[in-house]
Amino acid sequence: MNSSNSHIQNTKKEKTCFLVYSTREVHVEKVVQRLFDILGNELNFLVIKVDEARVAGTQLLPEIIRYTKECDLGIVILDGLRPNVVLELGMILACQTPCIILVEKEAEINVGSLLKDIKKDSKSVPKIKIDVQKHISDISNVSWNVYDLQDDIDFRKQVRSEVKK
């Protein structure tokens with residue numbers, strides 16, 4: 001196993017955070033950078049992104065299962081509401097791993113990316129704003145955080161507050 005994929009087996013016993021999100025949401029990279037700054041630099045978490053879980057030549061699912069079981073904290077950015085992100089959220093919740101769920105206040109279901117996957121026209125797809133209570137009603141009693149991409153200070157306060165819980 002290479003060093004970039006042995007994060008959870010570190011001997012320092014530092015806290016680890018497994019970060020799950022859709023790479024198809026352009027704005028999310030900015031959110032990921034903020035999370036790395038808050039968690040990695042301020043709160044001393046080792047942050048593992050889902051795309052870093054892949055070990056060349058192996059299936060990704062066993063690695064995701066391992067990280068969801070072994071991490072100290074999961075953070076899921078639901079923006080786009082991609083099926084794989086929802087699956088990974090379910091896995092984190094099933095493992096009873098503490099989890100912070102984030103949804104940008106204007107986030108939409110990215111139906112267009114699903115259509116592109118099957119080579120269908122995505123130009124006339126209606127915009128559907130994510131409504132956690134309706135679209136993932138099974139977690140309606142779980143805490144999730146609505147954030148404003150433009151309000152960095154409030155975002156940082158939200159994340160710090162959630163990590164302390």
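**Reading rings and pockets in a predicted model**

Biologist: Is Tyr 147 buried or exposed?

Modeller: Tyr 147 is buried, with a relative accessible area of 1%. This value, like the others we shall discuss, is computed from a predicted model. A residue counts as buried when its relative accessible area is under 20%, and Phe 155, at 1% relative accessibility, is buried as well.

Biologist: How many aromatic pairs does the structure hold?

Modeller: One reads such a pair from the distance between ring centres and the angle between planes, with under 30 degrees counting as stacked and over 60 as edge-to-face. The structure holds two aromatic pairs. In one of them, Phe 18 and Tyr 67 are stacked, with 5.4 Å from centre to centre and 25° between the planes.

Biologist: Where in the chain do Phe 18 and Tyr 67 lie?

Modeller: Phe 18 belongs to strand β1 (residues 16-20) and Tyr 67 to helix α2 (residues 60-70). The two residues are 49 residues apart, and the pair thus links distant parts of the chain. Phe 18 is buried, at a relative accessible area of 0%, and Tyr 67 is likewise buried, at 0%.

Biologist: Why is the pair of Tyr 147 and Phe 155 edge-to-face?

Modeller: The planes of Tyr 147 and Phe 155 stand at 65°, so the pair is edge-to-face; the ring centres are 5.3 Å apart.

Biologist: Which residue lies over the face of Tyr 67, and which over the face of Phe 155?

Modeller: Here one looks for a charge placed over the ring. Arg 66 lies over the face of Tyr 67, 4.7 Å from the ring centre. Over the face of Phe 155 lies Arg 34, at 5.8 Å from the ring centre.

Biologist: Let us turn to the pockets. How much space lies in the largest pocket, and which residues are closest to its centre?

Modeller: A pocket is read through its volume and its lining. The largest pocket holds about 300 Å³ of space. Its lining has 13 residues, and Glu 108, Ile 109, Asn 110, Gly 112 and Lys 127 are the closest to the centre. By class, this lining has four nonpolar, four polar and five charged residues.

Biologist: What lines the second largest pocket?

Modeller: That pocket has about 230 Å³ of space and a lining of 14 residues, with Leu 73, Pro 98, Cys 99, Glu 162 and Lys 165 nearest its centre. Strand β4 (99-104) and helix α6 (152-164) each supply at least two lining residues, and β4 gives the most, with three. Nine residues of this lining are nonpolar, one is polar and four are charged.

Technical notes. Residues are numbered from 1 along each chain as its sequence is written. This is a predicted model: local features need pLDDT of at least 70, side-chain atom pairs count only at pLDDT 80 or more; totals for chains, interfaces and linings use all residues. Side-chain values use heavy atoms; hydrogens and water are left out. On a 1 Å grid over the protein atoms alone, a cavity is a set of points where a 1.4 Å probe fits but cannot get out, and a pocket is an open set with protein on both sides within 12 Å along at least five of seven lines; lining residues have an atom within 4 Å of a point. Grid points are joined across faces, edges and corners, and a volume is the space filled by probe spheres set on the points. Ala, Val, Leu, Ile, Met, Phe, Trp, Tyr, Cys and Pro count as nonpolar, Asp, Glu, Lys and Arg as charged, and the others, Gly among them, as polar. Helices (H or I, at least four residues) and strands (E, at least two) are DSSP runs, numbered from the N terminus. Rings of Phe, Tyr and Trp (its six-membered ring) pair if their centres lie within 6.5 Å; planes under 30 degrees apart count as stacked, over 60 as edge-to-face and the rest as tilted. Buried means under 20% relative accessible area, exposed over 50%, partly exposed in between (1.4 Å probe, protein chains only). A charge sits over a ring if NZ of Lys or CZ of Arg is within 6 Å of the ring centre and within 35 degrees of the ring normal.
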